[in-house]
Amino acid sequence: MSQIDPAFDFVRQHHIPALNIGLEEYRHRVTGAVHYHLSTEDDQNAFLVAFRTVPQDSSGVAHILEHTSLCGSRRYPARDPFFMMTRRSLNTFMNAFTAADWTAYPFASRNRKDFDNLLDVYLDAVFFPTLNELDFLQEGHRVEFAEADNPSSELVFKGVVFNEMKGAMSSPTTALYQTLTRELFPTTTYHHNSGGDPERIPDLTYAQLKAFHARHYHPSNAVFMTFGDIPAAEHQARFEAGALGEFQALEMDISVPDEQRYSAPVQVEECYALDGEEQTADKTHIVLGWLLDRSTDAEAVMRAHLLSGVLLDNGASPLLRALETTDLGSAPSPLCGLSDSNREMMFSAGLEGSNPEQAEAVEQLVLGVLQEVAENGVEPSMVEAVLHQLELSQREISGDGLPFGLQLMVHSLSPALHGADVAEVLDIDPVLEKLRQQIKDPSFIKGLARELLENPHRVRLVMKPDPKLSEERAAAEAERLAKMKAAMSDADKQRVIEMATRLLERQNQQDDPEGLPKVGLEDIPTDLTIPQGTDHTIAGMPASWFARGTNGLVYQQLVVDLPEMEPTLTELLPIFCDILTEVGCGKLDYLQAQSLQAAVTGGIGANVAIRGAVDDTQRDRSVLTLSGKALKRYQAELGELMREIFTNARFDELARIRELVAQERMYREQRVTSAGHALAMTAAASGLAPNAALNHRWSGLAGIKALKALDDSLDDPATLETFAASLAQIRDRLVNAPRQLLLIGEEAEQQPLNDTAERLWRERTFQTNTARFSAPPPAGQLRQAWSTSTQVNFCAKAYPTVAAEHPDAPALMVLAGFLRNNFLHRAIREQGGAYGGGASFDPDSGGFRFFSYRDPRLAETLADFDSSIRWLLENSHEDRLVEEAILGIISSIDKPGSPAGEAKKTFHGILHGRTPEQRRRFRARILEVKQDDLKRVAETWLKPERASTAVISDPATLAKNEELGFEVIKL
């Protein structure tokens, strides 16, 4: 245990063997604020401070407060310190989260000076925010005239959160979840949409926002969490000096009570928006949801996870199997499973792609499976496999997205805020051991199923598509605005105009950044840390080994060079990868294969990737990768199953294949409203390089459209047989193609892994002279609009530039950050009201890409992309702005991943020419970029006549923008 700061009392410490982490708990003597410190040798230190926030309506007050608190504080009164710090930092993560009943402010950094800087800014932001009314209007909601200075024009709603939530609620899945929680929780805070309902957000007043902060953002209502190698006492000294020392204890009871339980199940029918579609058949969601025990009881949580896993873990699980194979819907609902993030857990199961009149049949299908399990149980091996999955998830050190320390903190945050024992949440081995003993009793799982079956607090939700709903909502919003305008006096209208002017002036003001702490180029580490592997040969195959601290897991990849194949087969490669590990293999049918995969692995998956050469975007290399992971005791079983899948995957289970295509279609369609900016960028860049064109057809909008057509065609038995034969043909081509192995684990595992691989592959030869696949040339410049059901837009432009090794590539990379930081953020987010906007440089395709995310505008945003280039070229800029852009790029390059993830990144980088030497060389060139370089590359490559454009929007908006000359494609 580290030294204790005098402002804190030590409560306890607990060692977590499975994670090799020490948990230390402290309490602030004056305010009662709790501090949990996860002590480890990891130098990627992480922090968060969180508050219980329990809104009593759907105005989005907690969410808008999260945004507004980051817009200036007592010590840092700059207008936008949060985004300014993202440019003055080497952080590996910075953000803020609003959940249903808490708000958290997390960050992570490997640089101690940077960590302390961010901690000072975060503490001041949450405890002493300025909460300027103009920031509330910008981030939350406001009304302006469509022509800002013309009171005769229409009133419109604006605001970042307002548009963010319009985008979020465009997703049928989000609407489904919000409606289900509303009905399952009739009286507590979860009844409301904490992010904000776009129809209710305009009800929130500035006074209510300030009152919410005063009530909720107090140390007596706070939990602090830290992770890493900085001692707890050093954190606590800064907590005390930066905030806590100014507060006294406050008597408060901000908690969530138990929900009032239903005495009988409830049935609800609602609608969701489906724009541009006349056909509504087979588009209804039908879901059953149960309210369960408190999430503060570690044993109850693990029992619920066990039952959920038994029912839904894989295709052999009884409930998932029933949902996948029924004709009552297209696919299992995306809500299927356990949610334990609220104070009381919820379990859901159901279907999408159904019809309202099938609701009773769907309900009986789900209840029938539960009845069967309650009466007859399941195979013991299935229960043991779920426990195995729980153990593996406990041991794995992840961190390729959210840093590992923050993952642990966020995972334990909700239980901590609700009074659970954080040690029990993080150290689940004792609970797992108890479950291992309990499952020996055959009646145990039966009892859990019976308990769920007899739980009367159940909701059956039917969500029907309504092609007119968006139109009706838009009309209601217009009517509301018209009534507001009609009630305005001339003085009221003048105040609206003056407010818009004041806000614009505030948005355009240039704050002095020197009041904020910073790191500089001198603080950047001199070297890029890259793990080093060793190369050898196994069974005639090239093999690479990386010794990494994986906490008892092993990782294997089989990497296959794509062979030359017909275009009809090439287009099927992504769906081939999706299906490959979900069907049977060899003598195993898909049920047996799924059961075995759950019993001995942490999952096996396949993906196909294409990347441009480092020196020529028009050349490329494509590989298919089969990946798996397992606890080290199952390394041989993992290898055997991966070999069997690769060589003998079965494509004769036609009904299974049909189900999987329908499921993948549903999943891919849901990405449009959540990842629309990425899809729009991929579409805009698709004419630039062969790899970009293929990515658009594989994983972009063109791929989604093709998958929908494929799914529609497979109801014909002959077409389904032909499709299955094509998959088998792809498998046979791959089996004979050149391949290599990647093996990752702790040092002691190298020889066992090598021995297993040698035994498994020594008889499996391949053809070394197989012609490699080469992507066809791109179509060239384009101007497309993709039409779908959405309340917001996603805009993108792409310019052809250069490959990674070209001398201009580093400057283009820095230029993207420079334009985002200093023009696009202000123009697109702050002034335009989009949730996000920026630019990026993709060395694979050579594309320099602009984008906006959940954007209320279209033509104006495209014009802002062009204006940013003119702004760059026509003005002189401070050198510090270039330095800030460089810091951001270096921070993203240096961000560490998981131990296994870093090894995979290195291996695949080398495979595609991104050797450690090349990566370090590129990083060094980034540090040399100057302002003149930015202007030179912009003038050379970002010429308006060379741009390609792609947007995602709804039919009505596109109809109003016909003058933009888009080729309109219905998604």
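**Entry 1: the sheet**

I started with a sheet of six strands in this predicted model. I read the order as β25-β26-β24-β27-β23-β28. The sheet is open, and its pairing is mixed. Next I looked up the edges. They are β25, residues 836–842, and β28, residues 967–970. Each of these two pairs on one side only. I also noted the twist, which averages 15° from one strand to the next.

**Entry 2: β23 and β28**

How many bridges join β23 to β28? I found four. Strand β23 covers residues 783–787, and the two strands run parallel. I then picked out one residue, Ala785. Its bridge partner in β28 is Val968.

**Entry 3: a helix on the sheet**

Which helix packs on this sheet? I noted α24, residues 676–685. Helix α24 touches β23, β24, β25, β26 and β27. I wrote down the ranges for three of these: 794–800 for β24, 847–853 for β26 and 948–953 for β27. The direction of α24 makes about 35° with that of β24.

**Entry 4: Ala385**

I turned to another part of the chain. Ala385 lies in helix α12, which spans residues 380–395. Is Ala385 buried or exposed? Its relative accessibility is 7%. Buried means under 20%, so Ala385 counts as buried.

I checked its contacts too. Leaving out residues up to four places away in sequence, Ala385 touches Ala598 and Ala599. Last, I looked up a distance. Ala385 and Leu558 are 173 residues apart along the chain, and 24 Å separates their C-alpha atoms.

Key:
Residues are numbered from 1 along each chain as its sequence is written. This is a predicted model: local features need pLDDT of at least 70, side-chain atom pairs count only at pLDDT 80 or more; totals for chains, interfaces and linings use all residues. Side-chain values use heavy atoms; hydrogens and water are left out. Two strands pair if DSSP finds at least two bridges between them. Axes are lines fitted to C-alpha atoms, for helices over the stretch in contact, and angles run from 0 to 180 degrees between N-to-C directions. Contact means heavy atoms within 4.5 Å. Buried means under 20% relative accessible area, exposed over 50%, partly exposed in between (1.4 Å probe, protein chains only).
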